Amino acid sequence: MTVVSRRFIKATQQITRAANAIGTRLIDANLLLPREIQMKSASARAIVQAIAEGVTSPVEAVNRATYYARHQDIPERRATYVRLLEALTVLPDVSASVRQVLTALLADIRHWERQCLLYHQWMETLLRQLTLTYSDGRTLTGEALIALLRTIPGVGARYGEVLLAEAGLDVVARFGKAQALEAFAGFDPSKTYSADTVLSSSSRKGNKHLHSTTIQIAQGLLQHGKRQNPLATWGRAYKLRQGGTTDAHNQAVAAVGKRIVRMSYHIVRTGTPYDGSQYNFTARQTTVVKRLRQVSMRVHDLVEEIHQ
């Protein structure tokens, strides 16, 4: 399952590289598509396919993007349609070599999309076969565990697949506690102390696949999470408390990612869906409590150093 998941990740990375390469070739040919047209979208794919096929008429090429061509009554899409026409005025000057490169890159994307579909089907088969038995006699498949993980606000199925592929189904037997899973995911900060004062902290290297997937979710929550999402609201408040700077944003992303991993551990441990009542997102630590936690963590680090 780990091999299939990592191959899926590699295939998606290849799609991203090919899409970025298409964007670069279009810029080199002075084809500056509007910013809202993402290279992975169906509209962009249709326009690029038209360019690769040798279409020289801007209207014909833009009409391939049916999302904009068929909704002229919507002002925003009409404006984008006009900007697309303006961007494609240089179509007659696009060289044959550029069109050939675009054709090859589109073929690469289609190949890796087929691979992604194949790997996803394999993943679904494996998840239906793998099971986890609880002490009360319940047995859940990997597919059922992913459905439980999706109850975390803002978390999709892909996160569950990566978590189970990299950490295994029985996270309790492997890690024993949530902190160990957090460290495995790269959310266990290593702190530098001076007179019991934290001077700096940096996360230790964890599993890069699980870490990057969780970071992407946390980034999305902070940037696009709705106000009703308590995790997104908590992350934004955390960022403001840290000063609202770029460093504060990165700290907030890591903090949200750490909470997602901790929630995941307890969901898999109990075999129950996310329960927001178990997490107090509005509570703030007093200075005394925060100080006690720092001292406790310092003592824990000293004990580890002694044993090492």
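The following exchange concerns aromatic contacts and salt bridges in a predicted model.

Colleague: How many aromatic pairs does a search of the whole structure find?

Modeller: The search returns 4 aromatic pairs. One of them joins Phe175 and Phe184.

Colleague: Why is the pair of Phe175 and Phe184 called tilted?

Modeller: The ring centres of Phe175 and Phe184 are 5.2 Å apart, and the cut-off for a pair is 6.5 Å. The planes make an angle of 55°; stacked requires under 30 degrees and edge-to-face over 60, so the pair is classed as tilted.

Colleague: What makes Phe175 and Phe184 buried?

Modeller: Phe175 has a relative accessible area of 15% and Phe184 one of 18%. Buried means under 20%, so both residues qualify.

Colleague: How do you know that Trp234 and Tyr238 form an aromatic pair?

Modeller: Their centres lie 5.5 Å apart, which satisfies the limit of 6.5 Å. With 35° between the planes, this pair is also tilted. Trp234 and Tyr238 are 4 residues apart in helix α12, and therefore about one helical turn separates them. Trp234 is buried, at 9% relative accessibility.

Colleague: Why is the charged end of Arg259 said to sit over the ring of Trp234?

Modeller: The distance to the centre of the Trp234 ring is 4.2 Å, and the rule asks for a charge within 6 Å and within 35 degrees of the ring normal. The charged end of Arg138 is likewise placed over the ring of Tyr134, 4.7 Å from its centre.

Colleague: What makes the contact of Arg128 with Glu143 a salt bridge?

Modeller: The closest N and O atoms of Arg128 and Glu143 are 3.9 Å apart; the criterion is within 4 Å, so the contact counts. Arg128 belongs to helix α6 and Glu143 to helix α7, so the salt bridge ties together parts that are 15 residues apart in sequence.

Colleague: Why are Arg128 and Glu143 called partly exposed?

Modeller: Their relative accessible areas are 44% for Arg128 and 38% for Glu143. Partly exposed covers the range between under 20% and over 50%, so the term applies to both.

Colleague: How do you know that Glu182 forms a salt bridge with Arg262?

Modeller: The closest N and O atoms are 2.7 Å apart, and the limit is 4 Å. Glu182 lies in helix α10 and Arg262 in helix α13, 80 residues apart. Glu182 is buried, at 2%, whereas Arg262 is partly exposed, at 34%. Lys258 joins Glu182 and Arg262 in a network of salt bridges.

Definitions and conventions
Residues are numbered from 1 along each chain as its sequence is written. This is a predicted model: local features need pLDDT of at least 70, side-chain atom pairs count only at pLDDT 80 or more; totals for chains, interfaces and linings use all residues. Side-chain values use heavy atoms; hydrogens and water are left out. Rings of Phe, Tyr and Trp (its six-membered ring) pair if their centres lie within 6.5 Å; planes under 30 degrees apart count as stacked, over 60 as edge-to-face and the rest as tilted. Buried means under 20% relative accessible area, exposed over 50%, partly exposed in between (1.4 Å probe, protein chains only). Helices (H or I, at least four residues) and strands (E, at least two) are DSSP runs, numbered from the N terminus. A salt bridge is a side-chain nitrogen of Lys or Arg within 4 Å of a carboxyl oxygen of Asp or Glu.
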